[in-house]
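Here's a quick briefing on a ligand shell and a sheet. Have a look at the model first, then go through the points below.

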Amino acid sequence: MLTMLGPLQLHKPIVAAAGTAGTGWELGEVLDLQHLGGVTTKSITREPRLGNPPMRVAELPTGMVNAIGLANPGIAVFLKEHRPKLDVLGCKVIGSVAGADIDDYVFVAEALAASGLDAVECNVSCPNTADGRLFSDDPTRLRDLVAAVRAAIGTTPLLVKLPLDFQRISCAAQSAIDGGADILTLTNTVPGLAIDPDTRKPVLGNGAGGVSGPGIHPLVVRMVHDVYIHVAKPAGIPILGLGGIMQWRDAAAMMLAGASAVGVGTALFADPRRVIKINKGLERWVLSQGVESVQELVGAALMD
Ligand SMILES: Cc1cc2nc3c(=O)[nH]c(=O)nc-3n(C[C@H](O)[C@H](O)[C@H](O)COP(=O)(O)O)c2cc1C
């Protein structure tokens with residue numbers, strides 16, 4: 001099912017979410033990546049990062065909570081040891097970038113684009129910055145970051161990944177577009193805290209974390225809908241929608257709300273082969289709706 005996500009042509013409408021597919025090739029060991037339109041690497045930083053102390057991930061009745069702390073090998077090791085394995089995956093590869101400041105983002109994004117990856121995604125919705133503030137919280141800072149990355153990567157497609165923040169999202173989405181984003185990725189995990197009543201301590205080594213999975217799905221659908229109507233559609237910028245997609249109905253809802261393609265993260269931990277069922281379900285759904293392409297259903301459930 002051919003899917004256009006702005007300048008990115010995907011042969012399937014599903015992309016593996018950042019941080020849930022390793023650096024990309026690891027997922028290929030358990031799933032034929034022809035079933036995906038693309039994989040996103042875990043967020044790569046300029047220097048290696050060890051990440052947070054364990055436990056880093058815990059299961060919840062409605063999904064999971066994690067505080068990985070951006071553990072990754074750093075750009076130099078990524079390019080040397082992982083990048084060569086990504087040319088044969090059979091789907092697009094999106095390099096996710098995180099950093100403490102704008103220089104960091106530019107350095108890593110430029111290196112990823114120069115290495116020939118299909119696209120770069122700026123993760124501006126994680127708190128591991130120099131001052132602990134999200135880049136997406138400050139519209140001017142965000143626009144400057146996106147513009148600097150845009151200038152550094154030339155015509156390589158640029159995704160900007162925003163947080164689930166109903167108050168700031170319209171401003172943040174507009175700033176990302178003004179800076180030169182080609183695609184908006186909505187959303188990252190939602191801040192959360194799991195506490196163990198027996199130990200009376202947080203379950204995760206870091207204390208707080210980010211919640212993902214089915215529990216956040218309706219919130220993300222609402223956010224995709226709002227951003228699509230007020231910002232993305234008028235600007236002609238597509239949305240990659242992700243949050244709690246576990247089955248084809250979730251993916252369909254995300255697209256009806258305005259996402260041109262969808263991401264899966266938590267579902268891959270449950271069973272990577274779910275992607276196959278989601279694709280089949282979407283194909284049947286498109287046929288049942290009497291349309292020729294899934295693109296015709298993007299934003300087709302808008303509220304008045
Ligand atoms: C274990 C784990 C690690 C993650 N690491 C990253 C990351 O490195 N960069 C990033 O942008 N998002 C990261 N995310 C967020 C996911 O890409 C995704 O936005 C979020 O989990 C919502 O989708 P889901 O409900 O389908 O999992 C991570 C999520 C999980 C569960």
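Two strands count as paired here if DSSP finds at least two bridges between them. With that in hand, keep in mind that this is a predicted model. The antiparallel pair of S11 and strand S14 (residues 209–212) clears that bar, with three bridges.

**The sheet**
- Four strands make up an open sheet, running in the order S5-S6-S14-S11 with antiparallel pairing.
- The edges belong to strand S5 (57–60) and strand S11 (190–192); each has a single partner strand, so one side of each has no neighbour in the sheet.
- From one strand to the next, the twist averages 35 degrees.
- As a reminder, strands of a sheet pair through backbone hydrogen bonds, either parallel or antiparallel.

**Pairings worth clicking on**
- On the S11 side, look for Gly192, which sits opposite Gly209 in S14.
- At the other edge, S5 and S6 are antiparallel partners over four bridges.
- Glu59 faces Met64 in S6.
- To get from S5 to S6, the chain goes through a hairpin of two residues.

**Around the ligand**
- The ligand has 26 residues around it, and Ala17, Gly19, Ser212, Gly265 and Thr266 come nearest.
- Strand S6 (63–66) and helix H7 (266–270) are the elements that each give two or more residues to this shell.
- By residue class, the shell splits into 10 nonpolar, 14 polar and two charged residues.
- S6 therefore turns up under both topics: it is paired with S5 by four bridges, and, as a DSSP-run strand, it lends residues to the ligand shell.

Notes: Residues numbered from 1 in each chain as written. Predicted model: local features only at pLDDT ≥ 70, side-chain atom pairs only at ≥ 80, totals over all residues. Near = placed C-beta within 6 Å. Nonpolar A, V, L, I, M, F, W, Y, C, P; charged D, E, K, R; others polar. Axes fitted to C-alpha atoms, helices over the stretch in contact; angles between N-to-C directions.
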